[in-house]
Amino acid sequence: MRVHILGVRGSTPAPGPDFTRIGGATSCVAIAEDDDAPTLVLDAGTGIRSLDALLGGAPFRGALALTHLHWDHLTGLPFATSLDHEGSMTEILVPSEGDEPVALLDRMIGPPFFPIGVGDLEGRHAIRELTTGVREIGGLRLECRWLPHGRSKALGMRVDDGRSCVAYLPDHDGRAPGDDALALCREVDVLLHDAHFAPGQEDAAARAGHSTAGQAVALARAAGARRLLLTHHHPDRTDDEVLAIAATSASGDLLVEPARQGMTVRLG
């Protein structure tokens, strides 16, 4: 399995020279089986625009699973050339919580807030509800569980190919990880976890429903994760600051690194 990290910022993109090494695009991860093209994309922040280059201009064929519908996880969708392609075939999985998922996406992307809707994109797109449970996407097994995120909630995700696994928890109130968070992260090879706030900013993290880097480390250690990639970096946090937080978050035999836009993690 290959995990391509396409976007690592939270809240809003962070352009400029202070953000070039870590990256300024918002949340998106593409997952491929072995050396095949990616068939599963997690979130559609502005980082999804890089999917076209990853596919060499070919259309995307697979599933896009959204953790939740906050802007920084969705606004890249209408700009994803590989999905807006006459040859694309995409299952868009929407955490709609009982709302009709097509109507929900139309409220988010469509007039008067955007000139076109998702239904106007080129290609074939099947929009379906995503909730807790397990589904098979090709040779990948996607498990989703609801996690607390401020006054709302977001899906945490675990992807397994039978040989290795990765957990993706980009938006998570990390004050007291419950059984669902622990189950998703249990002995994963790689955990991509919310580190929107720095150690010492626990109060701010609690108000926003996010985690500090220290809370991410505590969850990773409690779950027995082998490697932690801190993600959803605050848009004001410079590359140097991100690197410093990761360096001071090392914990015993747990490998702690910042997730970087454009990095690929090979598993299995």
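This section describes helix H2, the largest pocket and the surroundings of Pro59 in a predicted model.

Helix H2 spans residues 101-108, and within this helix Pro101, Leu104 and Leu105 are buried. Viewed along the axis of H2, the buried residues fall within an arc of 95°, and they therefore line one face of the helix. The cover over these buried residues includes two strands, S5 (89-94) and S6 (124-129). At the start of H2, the backbone nitrogen of Val102 is approached to within 2.9 Å by a side-chain oxygen of Glu100. Just after the helix, Gly110 adopts a positive phi of about 160°.

The largest pocket has a volume of about 200 Å³. Its lining comprises Trp71, Leu74, Thr75, Pro78, Arg107, Met108, Ile109, Phe113 and Phe114. Classified by residue type, this lining consists of seven nonpolar residues, one polar residue and one charged residue. Arg107 and Met108, both among the lining residues, belong to helix H2, which covers residues 101-108.

Pro59 is located in the loop that connects helix H1 (51-54) with strand S4 (61-65). The residue is partly exposed, its relative accessible area being 24%. When residues up to four places away in sequence are not counted, Pro59 touches Ser82, His85, Gly87 and Ser88. A separation of 7.8 Å is found between the C-alpha atoms of Pro59 and Met89, which are 30 residues apart along the chain. Residue 89 also marks the beginning of strand S5 (89-94), one of the elements that cover the buried residues of H2.

Definitions and conventions. Residues numbered from 1 in each chain as written. Predicted model: local features only at pLDDT ≥ 70, side-chain atom pairs only at ≥ 80, totals over all residues. Heavy atoms only, no water. 1 Å grid on protein atoms, 1.4 Å probe; cavity = no way out; pocket = protein on both sides within 12 Å on 5 of 7 lines; lining within 4 Å. Points joined across faces, edges and corners; volume = space filled by probe spheres on them. Nonpolar A, V, L, I, M, F, W, Y, C, P; charged D, E, K, R; others polar. Buried < 20%, exposed > 50% of the residue type's maximum accessible area, 1.4 Å probe, protein only. Helix = DSSP H or I, 4+ residues; strand = E, 2+ residues; numbered from the N terminus. Arc of directions from axis to C-beta. Contact = heavy atoms within 4.5 Å. Polar contact = N/O pair within 3.5 Å; in protein donor to acceptor, adjacent residues only side chain to side chain.
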